[in-house]
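Please find below some comments on the aromatic pairs and on one further residue, set out as numbered points for a colleague who has the coordinates at hand.

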Amino acid sequence: MAPWLTVVGIGEDGFSGLGKHARRALLSASRIIGSPRQLALLPRCVPGERQPWPAPFSLAPVLALRGEPVCVLASGDPMFYGVGASLARQLPADEMQVLSMPSSCALAAARLGWPLQEVQVVSVVGRPLATLNAHLHSGVRLLVLSNDGSSPGAIAALLRERGFGPSRVQVFEHLGGVEERRLSATAEDWPDAQVAALNLVAIECIATPHALRLPRVAGLPDGAFRHDGQLTKRDVRAITLARLAPQPGELLWDVGAGCGSIGIEWMRAHPACRALAIEADEGRQGFIEHNRDALGVPGLQLIRGKAPDALQALERPDAIFIGGGVTREGVLPLCWERLRPGGRLVANAVTLQSELALAHFREQHGGELTRIHIAQAQPLGRFDTWRQALPITLLDVVKPADA
């Protein structure tokens with residue numbers, strides 16, 4: 001059977017810019033769903049009933065018409081941060097067809113002469129602007145999908161705040177249409193200009209000498225985090241994350257999260273990584289909220305509560321890190337029970353009591369125990385000597401796939 005749903009990518013040039021297959025689908029559709037701006041691009045000769053998306057946005061109106069000839073309008077490429085991708089998660093592939101136009105990013109790259117495969121694309125459509133913080137590196141080219149007309153000014157302000165004021169910012173309005181316009185300035189000199197709601201921001205990132213330069217690998221400087229001392233220190237954190245081994249799309253529980261450093265670095269490993277930071281202390285909860293935004297992972301979810309009670313209703317994780325609370329009754333057994341088969345559990349201990357708890361757990365479930373000793377050179381009079389940090393005992397265990 002032919003697909004009942006056709007998702008049509010439409011550009012600023014409207015119906016006249018569509019191919020024959022897209023025009024035919026629109027002319028034969030009983031219902032056409034899209035934004036008011038997109039629906040207004042259709043001429044009167046298109047007979048189908050026009051229906052705007054509901055507010056708040058929902059796919060329910062489309063799914064309720066299953067079996068009817070329906071068209072959904074999307075901007076440019078529907079499968080690139082578009083409604084086509086959302087519909088594809090709800091419908092089998094043989095029930096829908098997607099007819100794409102060039103995306104705004106493809107058009108902008110063509111205007112700029114930027115090879116698209118070398119550009120990082122970030123969307124702030126319905127997402128916190130702090131998402132950008134994870135992508136700011138000198139020499140990087142970014143294409144940012146704006147939320148509205150205020151986005152370019154807010155992006156320029158963020159660049160200045162983060163030490164990227166010299167970055168060149170270009171804003172494209174109404175790409176592909178007769179009203180297309182480009183605005184260009186540095187973030188430092190960005191004008192207080194009126195910008196169309198439909199825009200895309202291109203950034204050539206240039207850092208000042210004083211900008212905070214954060215590596216992409218695990219082990220951010222301790223100074224990158226706001227904390228009260230409850231922080232997994234840099235070298236131990238790098239080792240811990242190597243054992244947690246984040247994979248795209250996986251979920252981490254950071255139990256006793258402190259300032260959130262493990263969960264934050266887990267999510268920085270890949271845009272699809274997710275993390276829940278479980279923390280009972282109100283002050284540290286504030287540190288987590290600050291750090292997740294400052295380090296570009298505002299999607300880190302804070303769970304306000306104490307383990308094990310706060311863990312009961314959470315989504316089952318692919319990996320668990322326990323930085324504090326291994327001696328608390330029920331924490332280790334519940335974490336092991338809730339961990340997905342094949343998942344990794346990593347726990348760190350400093351005290352004799354917590355180390356003993358990890359040793360007993362290893363006797364029951366296997367795994368590796370590793371002792372980490374780190375020393376730093378520090379002054380001693382006119383000379384230097386090694387100052388030994390407290391040793392860390394690390395448990396690393398994988399749950400059997402048949403458990």
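1. In this predicted model, the count of aromatic pairs comes to 3. One of them joins tryptophan 53 and phenylalanine 57, whose ring centres lie 4.7 Å apart with 50° between the planes, so that the pair is classed as tilted, that is, neither under 30 nor over 60 degrees.

2. The two partners of this tilted pair carry separate burial labels: tryptophan 53, with a relative accessible area of 17%, is buried because the value falls under 20%, whereas phenylalanine 57, at 49%, counts as partly exposed because exposed would require over 50%.

3. Tryptophan 336 and phenylalanine 361 form an edge-to-face pair, with 5.4 Å from centre to centre and 85° between the planes. Since tryptophan 336 belongs to helix H10 (residues 331–338) and phenylalanine 361 to helix H11 (residues 352–365), the pair ties together parts that are 25 residues apart in sequence.

4. Both members of the edge-to-face pair count as buried, tryptophan 336 at 11% relative accessibility and phenylalanine 361 at 5%. Tryptophan 336 has a further neighbour to be noted, as lysine 399 lies over the face of tryptophan 336, at 5.9 Å from the ring centre.

5. A separate remark concerns glutamine 51, which is placed in strand E3 (residues 49–52) and which, with a relative accessible area of 18%, is buried. Which residues does glutamine 51 contact, leaving aside its neighbours within four places in sequence? The contacts are with Arg31, Ile32, Ile33, Gly34, Leu39 and Pro61.

How values were computed. Residues numbered from 1 in each chain as written. Predicted model: local features only at pLDDT ≥ 70, side-chain atom pairs only at ≥ 80, totals over all residues. Heavy atoms only, no water. Phe/Tyr/Trp six-rings, centres within 6.5 Å; stacked < 30°, edge-to-face > 60°. Buried < 20%, exposed > 50% of the residue type's maximum accessible area, 1.4 Å probe, protein only. Helix = DSSP H or I, 4+ residues; strand = E, 2+ residues; numbered from the N terminus. Lys NZ or Arg CZ within 6 Å of the ring centre and 35° of its normal. Contact = heavy atoms within 4.5 Å.
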